[in-house]
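This briefing is meant to be read alongside the sequence and the coordinates. Its points are grouped by topic, from the chain as a whole to individual residues.

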Amino acid sequence: MGLGGCIILIAVGAILTFATDWHMHGVNLTVVGLILMAVGLIGVATFSGIARRRRVVMPPTPVVEEDPHHHRHSVDGYSDGYGI
């Protein structure tokens, strides 16, 4: 379940807890809403913890420059062979 699913759980739980007047025999919708909100909050916390671990900044790869003493130079100064 992604972040969107967790937010939907929180929203549905809040609607069931605070915005409904339904009364079902054997089901307390307030408790169901609270459970959905708790599961959604746990999911958001878990998702953000996993996402934070994925964003670990890696040190930049060092750039290794060629040794200037190993270049081939032609007589006219061009080292890549063009312009001869």
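Accessible areas here come from the Shrake-Rupley method with a 1.4 Å probe. On that footing, the accessible surface of the chain comes to about 7400 Å², and 66% of it belongs to carbon and sulfur atoms. The model is a predicted one, and every value below should be read as computed from it.

**Overall make-up**
- The chain has two helices and zero strands, and its length is 84 residues, of which buried residues make up 14%.
- When contacts in the chain between residues at least 6 apart in sequence are considered, 45% of them join residues at least 24 apart.

**Cys6 and Ile7 in helix α1**
- Helix α1 covers residues 3-18 and includes Ile7, and Cys6 also has its place in this helix.
- Cys6 has a relative accessibility of 1% and therefore counts as buried, the cut-off for that class being under 20% relative accessible area.
- Ile7, by contrast, has a relative accessible area of 48% and so is partly exposed, since that class lies between the 20% limit for buried and the 50% limit for exposed.
- Cys6 and Val44 are separated by 38 residues in sequence, yet their C-alpha atoms are 6.0 Å apart in space.

**Nonpolar surface patch**
- Ile7 joins Leu3 and Phe47 in a nonpolar patch on the surface, and together these residues have about 240 Å² of accessible area.
- Ile7 can belong to such a patch because its relative accessible area is 48%, whereas patches are made of residues with over 30% relative accessible area.

**Surroundings of Thr17**
- Thr17 also lies in helix α1, and with a relative accessible area of 14% it is buried, because the limit for that class is 20%.
- The side chain of Thr17 has a polar atom 2.8 Å from the backbone oxygen of Gly13, and a polar atom of that side chain is also found 3.5 Å from the backbone oxygen of Thr30.
- If neighbours within four places in sequence are left aside, the residues in contact with Thr17 are Leu29, Thr30, Gly33, Leu34 and Met37, so Thr30 appears both in this list of contacts and as the residue whose backbone oxygen faces the polar atom of Thr17 at 3.5 Å.
- Between Thr17 and Asn28, which are 11 residues apart along the chain, the C-alpha separation is 9.5 Å.

Key:
Residues numbered from 1 in each chain as written. Predicted model: local features only at pLDDT ≥ 70, side-chain atom pairs only at ≥ 80, totals over all residues. Heavy atoms only, no water. Helix = DSSP H or I, 4+ residues; strand = E, 2+ residues; numbered from the N terminus. Buried < 20%, exposed > 50% of the residue type's maximum accessible area, 1.4 Å probe, protein only. Contact = heavy atoms within 4.5 Å. Patch = residues over 30% accessible without salt bridge, like charges linked within 9 Å, V, L, I, M, F, W, Y side chains within 5 Å. Salt bridge = Lys/Arg side-chain N within 4 Å of Asp/Glu carboxyl O. Polar contact = N/O pair within 3.5 Å; in protein donor to acceptor, adjacent residues only side chain to side chain.
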